[in-house]
Amino acid sequence: MMENKKQKFLNKFEKKVLSTIKDYGLIKKKDKVLVAVSGGKDSTTILYLLKKFGYKVSALHLNLGLGDYSEKCLINLKKMCEEWKVKLHVLDMKKEFGMGMCSIRCKVQQKLKASNCMVCGIVKKWLLNREARKLKVDKIVTGHNLDDEAQTVIMNFLQGNLMLGANSGPQTGSIRDEKFVPRIKPLYFVSEDDIRKYSKMKNFPVVYEPCPCTISSLRIKTRTFMNSKDENIKLRIVKNFLKMIPKLREHLYKEKLVYCKICREPSRNEVCKKCSLLNLKI
Ligand code: AMP
Ligand code: ZN
């Protein structure tokens with residue numbers, strides 16, 4: 001009986017993810033996709049599922065150099081990818097920038113006010129796009145879930161700029177540029193609780209603790225507030241926001257994409273966000 005209930009949950013969960021992929025046309029059978037894997041439950045779950053669904057997947061891990069935490073993540077990922085026969089690419093922050101993410105952040109924060117997650121997010125996105133292009137994949141997959149996305153909508157609103165989310169949704173906007181690799185989020189409509197449950201039922205060897213550097217950011221305050229809300233409210237938030245996205249994008253695409261004059265990566269400004277952070281003579 002218990003087994004039956006468990007199997008029903010697993011089937012329902014998998015069906016929901018597959019429906020998101022199909023309904024939003026996220027992946028075509030011929031597409032090569034690169035899953036950005038942190039070693040946490042969300043990205044591990046989507047890597048496992050895409051492989052199970054028969055898509056052409058490989059994985060990319062950015063080793064942020066956060067001591068034990070990063071080491072554990074990497075050991076687990078190597079184990080899983082070997083078992084699932086998925087090619088794992090690893091990029092080391094220390095090799096890329098001569099220092100780990102903690103040091104990069106400290107240097108940036110000595111010069112300007114920026115949260116840990118903001119600096120890390122900008123650098124990660126920049127690296128992911130560059131590597132995905134080098135690996136000639138069609139899409140980058142991230143493990144963002146319903147809770148992350150609902151929080152982001154609220155955070156953008158609290159910061160007075162819903163436009164910040166114009167490029168979000170289950171897939172990034174319709175930017176067409178040979179240097180820009182579209183990003184997709186097949187877990188967009190599934191809650192963090194369900195992903196945790198799925199991951200535990202499957203016994204994935206993942207790190208459940210949050211990143212040790214997520215401290216006192218607006219994200220945490222918003223998460224605490226949103227955790228008191230049930231799943232339907234989170235779904236209503238993202239679904240309402242999705243209806244607004246086409247209008248927001250009309251404005252966004254009036255700005256054209258250029259190449260950063262320092263790194264030549266796609267950017268909305270003369271100098272991209274990553275270079276304007278790191279160019280503070282670190
Ligand atoms: P976060 O920004 O930490 O909430 O992570 C959001 C998503 O970004 C994850 O679900 C992963 O797909 C990706 N990601 C986060 N950290 C890493 C990492 N160290 N290496 C590769 N991908 C990552
Ligand atoms: Zn740049």
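Is F13 buried or exposed? In this predicted model, F13 counts as buried because its relative accessibility is 3%, and the close-up views below take up its ring partner, the sheet and the zinc site in turn.

**View 1. The stacked pair of F13 and Y198 joins two helices.** The rings of F13 and Y198 lie 4.4 Å apart, centre to centre, with 15° between their planes, and the aromatic pair is stacked. F13 belongs to helix α1 (residues 2-23) and Y198 to helix α8 (residues 192-201), so that the pair links distant parts of the chain, 185 residues apart. Y198 is buried as well, its relative accessible area being 0%.

**View 2. The edge-to-face pair of W84 and F204 joins a helix and a loop.** Because the planes of the two rings stand at 70°, with the centres 5.4 Å apart, the pair of W84 and F204 is edge-to-face. W84 lies in helix α3 (residues 67-84), whereas F204 lies in the loop between α8 and α9 (218-226), so the pair ties together parts that are 120 residues apart in sequence. W84 is buried at a relative accessible area of 14%, and F204 counts as buried at 7% relative accessibility. Ring pairs link both residues into a cluster with F9, F13, Y48 and Y198, and the structure holds 10 aromatic pairs.

**View 3. Five strands form an open sheet with parallel pairing.** The strands follow the order β3-β2-β1-β4-β5, and the edge strands, each pairing on one side only, are β3 (88-92) and β5 (183-184). Strand β4 (residues 139-141) pairs with β5 in the parallel sense over two bridges, and V141 has I184 of β5 as its bridge partner.

**View 4. Helices α2 and α6 in relation to the strands.** Helix α2 (residues 41-53) packs on the sheet, where it touches β1 (32-36), β2 (56-63) and β4, and its direction makes about 160° with that of β1. Helix α6 (residues 116-134) lies across β1, β2, β3, β4 and β5, and runs at about 140° to β2.

**View 5. Four cysteine sulfur atoms coordinate the zinc ion (ligand 2).** The donors are the SG atoms of C260, C263, C272 and C275, at 2.2 to 2.3 Å from the zinc ion. The arrangement is tetrahedral because the four donor atoms subtend angles of 105 to 114° around the zinc ion, within the range of 85 to 135 degrees that this class requires. In sequence, the donor residues follow the spacing C-x2-C-x8-C-x2-C, and among them C260 and C263 are buried.

Conventions:
Residues numbered from 1 in each chain as written. Chains lettered and ligands numbered in written order. Predicted model: local features only at pLDDT ≥ 70, side-chain atom pairs only at ≥ 80, totals over all residues. Heavy atoms only, no water. Pairing = 2+ DSSP bridges. Helix = DSSP H or I, 4+ residues; strand = E, 2+ residues; numbered from the N terminus. Contact = heavy atoms within 4.5 Å. Axes fitted to C-alpha atoms, helices over the stretch in contact; angles between N-to-C directions. Donors = N, O, S within 2.8 Å, 3.2 Å for Na, K, Ca; no water. Tetrahedral: all angles 85-135°; square planar, octahedral: opposite > 155°, others 65-115°. Buried < 20%, exposed > 50% of the residue type's maximum accessible area, 1.4 Å probe, protein only. Phe/Tyr/Trp six-rings, centres within 6.5 Å; stacked < 30°, edge-to-face > 60°.
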